[in-house]
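Trainee: I should be grateful for a close look at a single part of this model, with its surroundings explained in one connected account.

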Amino acid sequence: MPVAQFSQTRLSGSTHDNPENHYFSCRNKRANNGLCATTHHIRVDYITALVANHLRRTLHFASLFEDEFVKIVVDERYREVQLRQKKNQRELADAQTRDKEINRLYERIYEDQALGRLPEDRFLMLAAKYDDEQAALRQRIL
Ligand SMILES: [Zn+2]
């Protein structure tokens, strides 16, 4: 099935000495996340031309093969929705597991405090911490 492809558009003119040029700078180097070893830039007009070109080709493809285009878009939407649902289900399961865990931890510190193994101030501190976490979790579960 034919799919619209990127094709690079060369822009004339020098790069850094033209004050009319604007750039996007990659932040990976500054963020120090290990993705980029050097700082680098891309010209805004270059990326604009690239996106416009891609859009033009996509529209051309859509006008030639309307049914296929609709199918591609719908399939892609469906895939995204499915991925999001899966992610939400996983997060919900994790939150529910942690919620139960907190109930057990709460019982433990309550018992420890009742049996004199946990000082009152420690108990209150931990209880407040678990309350906060559980309130945040339940906000997400609902
Ligand atoms: Zn980079």
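Mentor: Let us take N32, which is placed in the loop between α1 (28-31) and β2 (41-43). The model is a predicted one. The backbone of N32 has a positive phi of about 55°, although this residue is not a glycine. Most residues other than glycine have a negative phi. As to its surroundings, N32 has 9 C-beta neighbours inside 10 Å and therefore counts as exposed, the limit for that class being 12 or fewer. For the chain as a whole, 0% of the 142 residues count as buried.

The loop that holds N32 belongs to a chain of 4 helices and 2 strands, which follow one another in the pattern β-α-β-α-α-α. Further along the sequence, helix α3 (residues 66-114) and helix α4 (residues 120-141) have axes that come within 10 Å and cross at roughly 160°. Because an angle over 145 degrees counts as roughly antiparallel, α3 and α4 are described in that way. The crossing of α3 past α4 is left-handed. The residues of this contact comprise 12 nonpolar, 3 polar and 6 charged ones. On the α3 side they include L92, A95, I102, L105 and I109, together with the residues R98 and D99; on the α4 side, F123, L126, Y130 and L137 are among them, as are E133 and R138.

Finally, among contacts in the chain between residues at least 6 apart in sequence, 53% join residues at least 24 apart.

How values were computed. Residues numbered from 1 in each chain as written. Predicted model: local features only at pLDDT ≥ 70, side-chain atom pairs only at ≥ 80, totals over all residues. Buried ≥ 20, exposed ≤ 12 C-beta atoms within 10 Å, placed from the backbone. Contact = placed C-beta atoms within 7 Å. Axes fitted to C-alpha atoms, helices over the stretch in contact; angles between N-to-C directions. Parallel < 35°, antiparallel > 145°, perpendicular 65-115°, else oblique. Left-handed = near helix turned anticlockwise from the far one by under 90°. Nonpolar A, V, L, I, M, F, W, Y, C, P; charged D, E, K, R; others polar.
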